[in-house]
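Me: I would like a close look at one part of this model, with the terms explained as they come up. Please choose the part and say how its pieces fit together.

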Amino acid sequence: MTNENIIEVENLVKKFGKFTANDRLTFQVKKGEILGFLGANGAGKTTAIKILCGISAPTSGKVSVAGFDAVKHPEKIKQNIGYMSQKFSLYDDLTIRENFRLFGGIYGLSRKSIRQRTEELLKRLELYEYRNRILEALPLGWKQKLAFSVAIMHHPQVVFLDEPTSGVDPVTRRQFWELIYEASEEGKTIFVTTHYMDEAEYCDTVSMMVAGQIRAFGEPRELKTEYGVKSVNDLFIKLARN
Amino acid sequence: MRTIGFLIQKEFIQIFRNKTMLPLIFALPIVQLVILVNAATLEMKKIDMTVVDKDMTSTSRQMIQKFDGSPFYQVDKANFSVKKAEADLKDNSSDIVVNIPQGFEKNLLGEKEADVQFLINAINGTAAGLINAYTTSIISDFNDKILVDQLGKEFELPVEINSRYFFNSQLDYNIYMLPGILVILVTIIGMFLTALNIVREKELGTIEQLNVTPIQKYQFIIRKMIPFMIIALFELAFGLVIGHLFFNLPMEGSYAVLFLFTLIYLLVALGFGLFLSAISNSQQQVMFVMFFFMLTFILMSGIFTPTESMPDWAQTINVINPFMYFMKVIRMIILKGSGLADIQHEIFSMLIYAVIILSLAIWRYRKVA
C-alpha cells in the first residue's frame with residue numbers, strides 16, 4: 001500500500017430538492033485499500049457511489065477519482081473504474097461468454113485479451129465449463145460473482161461494489177470476499193458498500209454513514225478502541241442511535 | 001468503431017434469441033399486407049339499390065337495366081313508395097334509392113326533359129361521394145344513348161369524354177394501398193423495436209452497467225439504430241416480394257432509389273423512437289406516447305385521403321409528419337417511376353429532419369443513473 005490518494009472527496013453535497021442525501025462528505029482513499037462504506041438503508045451510500053462513478057452530478061463539492069475530476073471528466077473516470085451495481089445488471093439473455101465479450105469490447109480490450117481474461121476469471125470462479133450457459137437460469141450467487149469478474153475484467157484502478165453480497169448465502173459471501181482480497185492484492189482499490197457489519201471487519205478502512213453524513217472514518221480496530229465497543233456492529237448501533 | 005461492432009453483435013444475438021420477436025418480424029408483413037390490402041379498400045363493388053319505378057315504361061326499365069348491368073350495382077329491391085324505400089336506407093339494407101316519377105318516359109319523349117331522383121345513404125361520406133360519381137356517369141351514358149337513338153346513327157356527340165388513367169391504368173386500388181401499408185409496416189417495426197429495446201434496458205437496469213463504461217453517446221445511439229435499420233430494410237424487401245407475388249405490384253422506378261430513400265427515412269423514424277425512449281422511463285410510457293404519435297401521423301399521412309385536400313393548418317402541421325414524405329415518395333417511385341431528381345425535395349427534408357431528431361435524441365440521452 002502506498003500513500004498515494006486515489007479517491008479524494010471534499011465537501012461533497014448532493015441534494016434532491018430539499019432532501020440532502022450527502023451532507024458535506026470529506027474523505028480520502030489510498031491506492032490498494034479496501035474501503036468499507038457502511039450505513040443503514042437510505043443513509044446515502046448509493047448516491048455517493050454514483051457520484052464517484054461519474055453517473056450522477058454532485059450539487060457542490062470536489063470529487064476526484066484516479067486523478068480525474070468527477071464533474072469535468074466523468075468519462076475519463078469511467079475508463080479507470082469498475083462498477084457493480086446493487087441491482088444485477090449483466091444481460092440475462094446472453095451467455096456468460098457473450099457478456100464478458102461485450103464488456104471487454106466496450107472497454108477496448110483486444111479479442112485475444114478478451115479470450116484470455118474470460119478464461120482466467122472463469123477458471124478462478126470454477127465456472128469455465130458453464131461459459132456457454134445463458135445467465136437467466138443461473139443462481140444469484142453465481143451471477144454476483146460473474147458481475148464482479150466483469151467489473152475487474154479491464155484491470156480498473158478502482159472497483160466500486162454497491163452491496164455486492166446482499167441476498168447471497170454465507171458461503172458465497174465468504175468466497176466473494178476472497179475475490180475482493182485477490183483484487184486488492186493485485187493493487188486495485190476496492191470501494192465497497194454493505195450493511196453487513198461483520199464484513200466491515202475485513203476492510204482496511206471503514207466509513208460510517210448516518211443520515212447523509214460520515215460520522216466515523218478510520219481503521220476498524222482504532223474506531224473500536226476510540227468508541228469503546230467490541231465490534232463494528234456495536235459501533236454502528238451506537239452511532240446510529242445518537 | 002470496434003466498440004460499435006461488439007454492441008451490434010450483442011443486439012443481434014438478443015433479437016434472434018427472442019422467441020416472440022423473430023416470428024413477429026416475418027408474420028407481421030404477411031398478415032398486414034394480405035389482410036389490410038384486401039380489406040382496406042375504397043372501391044365500391046356492391047352498391048345495394050332500391051328501385052321505386054312509378055313510371056313502369058320501357059324507358060324507365062331501360063334505365064334500371066343500365067344499373068343492373070353494371071358490376072357495381074345490385075338492384076335487388078323494388079318498392080312503390082318512396083317512404084318505404086327510405087326505410088331501406090335507414091336499416092342499412094340499401095345504399096341508394098332511385099325514384100322514377102310517373103310520366104318519366106312521356107316527359108322525356110315529349111318535352112325532351114325529365115327528372116329522376118336519387119337518395120344516397122351518406123353515413124360514410126366518401127362512399128356516398130363515390131356512389132354519386134358512379135351514378136352520374138351511368139346516367140350520362142344513358143343520356144348519350146337516348147340522344148343517339150333519337151337523332152339517328154349519324155349523330156355524333158359534340159364532346160366525347162375519353163379518359164385514360166395514368167400510372168394506374170386499371171384504377172387498381174390494391175397497388176395504391178400496398179405501398180402505403182408498406183410505409184406503416186417499415187415504420188412500426190423500426191420505431192417500436194428501437195424505442196422498446198432501450199426502455200427495456202432501463203427497466204432491467206442493464207443500461208446502468210453501460211452508463212458506467214466509457215462508451216460514447218453516439219456509439220450507444222448507432223448501436224441501437226443499425227440492427228433495427230437492417231431489420232426494417234429487410235421488411236421492406238420482404239413486403240415488396242409479397243406485393244409482386246400476390247398483388248401484381250408494379251415497379252416503375254428503381255429499387256436503388258427506393259432503398260436509398262428508405263434508409264434516409266429510417267434515420268428519422270428510428271431517431272424518433274430513440275428520442276421518445278430517451279424521455280420515457282417505462283415500456284408502458286413509451287408505448288402510450290408512441291401510440292399517440294403513430295395514430296396521428298398515419299391518419300394524416302395521406303394513406304387514405306390526399307394530403308393536398310387537408311386544410312392549410314393541417315398541411316402546415318404535416319411538415320413534421322415523416323409518414324407523409326415516405327407515403328408520397330414510395331408511391332411516386334413504385335407507380336410513377338420517379339427518380340432521384342423528382343424526389344430531391346423530400347430527400348433534403350428528410351436529411352434535415354434526421355439531423356434534428358438524432359441530435360435531440362443524443363442530447364436527451366443521459367449517461368446517468
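Reply: What follows describes the sheet of one chain, then its surroundings.

The model is a predicted one, in which local features need pLDDT of at least 70 and side-chain atom pairs count only at pLDDT 80 or more, while totals for chains, interfaces and linings use all residues. Residues are numbered from 1 along each chain as its sequence is written, and chains are lettered from A and ligands numbered from 1 in the order in which they are written.

Chain A has nine helices and 10 strands. Helices (H or I, at least four residues) and strands (E, at least two) are DSSP runs, numbered from the N terminus. The radius of gyration of chain A is 18 Å, close to the 18 Å from the globule rule for 242 residues, so chain A is as compact as a globular protein of that length. That radius is taken over C-alpha atoms, and the rule is 2.2 Å times the number of residues to the power 0.38. Along the principal axes, the C-alpha atoms of chain A fill a box of roughly 50 × 40 × 35 Å.

Of the 242 residues of chain A, 44% count as buried. A residue is buried if 20 or more other C-beta atoms lie within 10 Å of its own, exposed if 12 or fewer, and partly exposed in between, with C-beta atoms placed from the backbone. Contacts are counted too: two residues are in contact if their C-beta atoms, placed from the backbone, lie within 7 Å. Among contacts in chain A between residues at least 6 apart in sequence, 69% link residues at least 24 apart.

Now the sheet itself. Six strands of chain A form an open sheet in the order 6-7-8-3-9-10, and the pairing is mixed. Two strands pair if DSSP finds at least two bridges between them. Strand 6 (81–84) and strand 10 (213–218) of chain A are at the edges with a single partner strand each, so one side of each has no neighbour in the sheet. From one strand to the next, the twist averages 15 degrees. Axes are lines fitted to C-alpha atoms, for helices over the stretch in contact, and angles run from 0 to 180 degrees between N-to-C directions.

Take strand 6 of chain A, at one edge. Four bridges join strand 6 to strand 7 of chain A, and the two run parallel. In this pair, Ile81(A) stands opposite Val158(A) of strand 7. In a regular strand the side chains alternate between the two faces of the sheet. In strand 6 of chain A, Ile81(A) and Tyr83(A) point one way, Gly82(A) and Met84(A) point the other way, and all are buried.

Further along the order is another parallel pair. Strand 3 (residues 34–39) and strand 9 (residues 205–210) of chain A are joined by five bridges and run parallel. Here Leu38(A) stands opposite Met208(A) of strand 9.

Helices lie across these strands. Helix 1 (residues 45–52) of chain A lies across strand 3, strand 7 (158–162), strand 8 (189–194) and strand 9, and runs at about 150 degrees to strand 7. Helix 6 (residues 170–185) of chain A lies across strand 3, strand 7 and strand 8, at about 155 degrees to strand 8.

The loop between strand 7 and helix 6 of chain A holds Glu163(A). The phi of Glu163(A) is near 45 degrees, a positive value in a residue other than glycine. Glu163(A) counts as buried because 22 C-beta neighbours lie inside 10 Å. Ala66(A) also has a positive phi, near 55 degrees, and is a residue other than glycine. Ala66(A) sits in the loop between strand 4 (60–65) and strand 5 (68–69) of chain A. With 17 C-beta neighbours inside 10 Å, Ala66(A) counts as partly exposed.

One more residue of chain A can be placed. Ser113(A) belongs to helix 4 (residues 111–124) of chain A. Ser113(A) is partly exposed, as 15 other C-beta atoms lie within 10 Å. From C-alpha to C-alpha, Ser113(A) and Arg101(A) are 9.9 Å apart in space, and they are 12 residues apart in sequence.

Lastly, chain A touches chain B: the contact takes 22 residues from chain A and 19 residues from chain B.
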